[in-house]
Every structure is written in structure tokens, then in C-alpha cells.
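Student: Please pick one part of this structure and look at it closely. Then connect that part to what surrounds it, in plain terms.

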Amino acid sequence: MKSVSFDSLSFLDKMRLLLLHPQSFFDSVKSVSVGREPVVWSFLALLLFGGLNFVLFLLHGSGQVSIPAWSVLLDFSDVFIVIFGFFSYVLFLVLMVVGLPLLHSLARKFGGKGSVTDTKKALFYPWVLFFLLGWIPVVGWIIAVWASYLVYVGFRALHGLSMGRAIGYLVVATVLVTIAYFIVLVILIFLLITLAFMAFTGS
């Protein structure tokens with residue numbers, strides 16, 4: 001596929017290019033200054049993802065697509081799963097933003113030659129695509145796998161990593177972010193329990 005001007009593409013064209021021609025996408029965005037675009041798009045797409053997932057949750061509860069099951073909101077466990085899932089993604093994105101310098105340094109350790117902006121492009125654009133399509137039942141799992149592949153393509157294209165080094169980077173980065181996620185999650189749960197206890201006891 002011939003190269004295209006990234007700035008001349010609309011949002012949907014960019015996502016279509018990323019989905020169908022990831023190598024061309026990253027080749028096009030390589031020399032472009034994107035600012036906060038990939039990060040902002042990720043959070044906006046996440047809001048859409050969360051809203052559509054909640055709608056599907058309401059519809060699924062009744063067994064009939066035409067009748068939203070508002071009564072299912074009384075089932076706290078189901079509601080908790082939906083809300084917890086959404087905020088888990090929020091927490092992951094926040095950790096990636098905060099930890100971007102560390103994730104970039106890790107890429108450099110693996111032999112990456114790109115800038116911190118290149119790391120941002122490779123990490124966040126695939127998340128945008130995932131949040132746009134990942135809410136679709138069944139297809140969501142396929143998109144999740146494809147998004148992981150897109151990150152791999154991004155680091156190979158923008159950082160010049162070999163196949164083995166790109167895979168190694170993704171494994172180590174995923175482990176680090178996951179560990180950080182659970183540490184922060186435990187801290188937040190502890191704080192919530194402490195606040196709830198203080199409110200209950202009047203301390």
C-alpha cells in the first residue's frame with residue numbers, strides 16, 4: 001500500500017488504516033508530531049467502550065433486546081463486575097500514562113531507537129482501536145488479540161526492534177504494568193475499607 005499523509009486522514013480513516021494496514025499506519029505516523037492525541041483518544045474511546053458495555057449489560061439481563069432489564073441493577077454483583085471492569089481499564093491507562101517514561105526506557109533497553117513519542121504512538125493507538133470495537137460480543141476477543149499484535153507492529157516500525165526483542169519487550173512491559181496495577185488496586189481497596197470503617201464507627 002502506498003504511503004499516505006497522516007495529517008490528511010480523518011479519525012475514522014486513521015482507525016481503518018490501523019486496523020487493516022498497521023504497517024502503513026505506523027510508517028505514516030512515524031515522522032508526525034501527534035502531541036497528546038493518542039492518549040486523549042484512548043480515554044475518549046474508553047468512555048464510549050464503557051457506555052456501550054453498560055447498554056449491552058442492561059439488554060442482556062432481560063433476555064430480550066427490545067426490553068432493557070432495569071431490574072437487573074438490583075443485582076449488585078453483576079453491576080460491580082461491569083463497573084469494576086471499566087475502572088480496571090481506566091487504571092491501566094492511567095498507569096501507562098504515568099509510567100510512559102519507564103516504558104520508554106524499557107524499550108531503549110531492548111534496543112529501541114525511537115523517541116518517547118514513538119513509544120506513546122505504539123502503545124496508545126492500538127488501545128483506541130480496541131475500545132472502539134472491543135465492546136462487540138465475541139468480536140471483542142479477536143480485537144484484543146489484534147490490538148496486542150498492533151503494539152508489536154508499532155514497536156518494530158517505530159523503534160526498529162527485531163521480532164524477538166519486540167515480543168520480549170511486550171512480555172516484560174505487560175508483566176510490569178500488571179504488577180503495578182495490582183499494587184495500586186490493593187492500596188485503593190485498603191483505603192476504601194479504611195474510609196468505610198471510619199465512617200461506620202464515626203472515627
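**A pocket and the helices around it**

Tutor: Helix 8 gives the most to the lining of the second largest pocket, with 6 residues. The model is a predicted one, and that applies to everything that follows.

Take the pocket itself to begin with. The second largest pocket has a volume of about 590 Å³. Its lining is made up of 18 residues, and M96, W127, S148, V151 and T174 are the ones nearest the centre. Helix 8 does not line the pocket alone: helix 4 (76–98), helix 6, helix 7 (139–159) and helix 8 each provide at least two of the lining residues.

It helps to place those helices in the whole protein. The protein has 8 helices and 0 strands, so written from the N terminus on, its elements read α-α-α-α-α-α-α-α. Of the protein's 203 residues, 38% count as buried. Among the contacts with a separation of 6 or more, 69% are between residues 24 or more positions apart. The accessible surface comes to about 11,800 Å², and carbon and sulfur atoms account for 74% of it.

Helix 8 also has a surface side to consider. V175 is in helix 8 (residues 163–201), and V175 counts as partly exposed because its relative accessibility is 42%. V175 belongs to a nonpolar patch on the surface, together with M163, I167, V171, V172, L176, I179, I183, I187, L188, F190 and L191. Together the residues of this patch have about 1,100 Å² of accessible area.

Now follow one lining residue, W127, away from the pocket. W127 is among the residues nearest the pocket centre, and W127 is also touched by S42. S42 is located in helix 3. With residues up to four places away in sequence left out, S42 touches L93, F124, W127, V128 and F131. S42 is buried, because its relative accessibility is 0% and the limit for buried is under 20%.

V128, one of the residues that S42 touches, is also touched by M15. M15 sits in helix 1 and counts as buried, because its relative accessibility is 5%. Leaving out residues up to four places away in sequence, M15 touches W41, Y125, V128, L129 and L132. One of these pairs shows how the chain folds back on itself in space: M15 and L132 are 117 residues apart in sequence, but their C-alpha atoms are 9.2 Å apart.

K14 is also found in helix 1. K14 counts as buried because its relative accessible area is 6%. Its contacts, not counting residues up to four places away in sequence, are F6, L9, F25, E37 and W41. W41 is therefore a contact of K14 and of M15 as well.

The contact between K14 and E37 has a charged character. Side chains of opposite charge can pair when their charged atoms come close. The side chains of E37 and K14 form a salt bridge, with N and O 3.6 Å apart; the limit for a salt bridge is 4 Å. E37 lies in helix 3 (residues 37–62) and K14 in helix 1, so this pair ties together parts that are 23 residues apart in sequence. E37 and K14 are both buried.

The count comes to 3 salt bridges, and the other pairs are worth setting beside this one. D118 and K121 form a salt bridge, with their closest N and O atoms 3.8 Å apart. These residues are about one helical turn apart, because they are separated by 3 residues in helix 6 (residues 116–133). D118 and K121 are both buried. Helix 6 is also one of the helices that supply the pocket lining.

D13 and R16 make up a further salt bridge, in which the closest N and O atoms are 2.6 Å apart. They too lie about one helical turn apart, because they are 3 residues apart in helix 1 (residues 11–20). D13 is partly exposed, with a relative accessible area of 31%, and R16 is partly exposed at 45%.

To return to the starting point, helix 8 gives 6 residues to the pocket lining, and V175 of helix 8 takes part in the nonpolar surface patch. From the pocket, W127 leads by contact to S42, which is in helix 3.

Key
Residues numbered from 1 in each chain as written. Predicted model: local features only at pLDDT ≥ 70, side-chain atom pairs only at ≥ 80, totals over all residues. Heavy atoms only, no water. Helix = DSSP H or I, 4+ residues; strand = E, 2+ residues; numbered from the N terminus. Buried < 20%, exposed > 50% of the residue type's maximum accessible area, 1.4 Å probe, protein only. Patch = residues over 30% accessible without salt bridge, like charges linked within 9 Å, V, L, I, M, F, W, Y side chains within 5 Å. Areas by Shrake-Rupley, 256 points an atom, 1.4 Å probe, with all protein chains shown as cover. Contact = heavy atoms within 4.5 Å. 1 Å grid on protein atoms, 1.4 Å probe; cavity = no way out; pocket = protein on both sides within 12 Å on 5 of 7 lines; lining within 4 Å. Points joined across faces, edges and corners; volume = space filled by probe spheres on them.
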